[in-house]
Amino acid sequence: MPHEKLLKLISKRIADGSMLHIIKQTLTTSVVIHGKAISKKKVGVPQGSPVSPLYSNIYLNVIDQVWHSRSYPEKLNATLHRYCDDVILVCPQECQVSAGKIHRISQEIIAHY
């Protein structure tokens, strides 16, 4: 999840620059592995953070909305299910959707937002 895109989605609802700055800081905290701080990343959310599920759902909500607005369930005979901060695509055994096609669709959706 690219931070830039997530922050763009969040800024549609939050106008306070100070709050957006704090949110950005929570995304770019260093990760400590074996006692050493690993450099800040520009993608993903810190695992174990209390706000990680919130950020994930903000991001996944767009994918979910676009998935349905483009009628992908009918076109691809596949349904998108969300649980907490996860998403799973379910299709029947005879489904002709390749993983590559689903990956391209999801990347297209994310690139648009």
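Which residues are exposed on the other side of α5? In this predicted model, they are R104 and A111; the views below start from that helix.

**View 1. Helix α5 and its length.** Helix α5 covers residues 99-112. Its 14 residues should span 20 Å at 1.5 Å a residue, and the end C-alpha atoms do lie 20 Å apart, so expectation and model agree.

**View 2. The two sides of α5.** Look here for four isoleucines, I102, I105, I109 and I110, which are buried. Their arc around the axis is only 130 degrees, which means that they sit on the same side of α5. The cover over the buried residues of α5 includes α1 (3-11), α3 (52-69), α4 (72-76) and β4 (86-90). R104 and A111, on the other side of the helix, are exposed.

**View 3. An aromatic pair, W67 and Y72.** The structure has one aromatic pair. W67 and Y72 make up this pair, with 5.1 Å from centre to centre and 45 degrees between the planes, a tilted arrangement. Both partners count as buried because their relative accessible areas fall under the 20% cut-off: W67 has 3%, and Y72 has 10%.

**View 4. The hairpin of β3 and β4.** Strand β3 (residues 79-83) runs antiparallel to β4, and five bridges join the two. One pairing to find is that of L80 with its bridge partner in β4, L89. Two residues lie between the strands of this hairpin, where C84 adopts a positive phi near 55 degrees. Strand β4 also appears in View 2, among the elements that cover the buried residues of α5.

Methods:
Residues numbered from 1 in each chain as written. Predicted model: local features only at pLDDT ≥ 70, side-chain atom pairs only at ≥ 80, totals over all residues. Heavy atoms only, no water. Expected span 1.5 Å × (residues − 1). Buried < 20%, exposed > 50% of the residue type's maximum accessible area, 1.4 Å probe, protein only. Arc of directions from axis to C-beta. Contact = heavy atoms within 4.5 Å. Phe/Tyr/Trp six-rings, centres within 6.5 Å; stacked < 30°, edge-to-face > 60°. Pairing = 2+ DSSP bridges.
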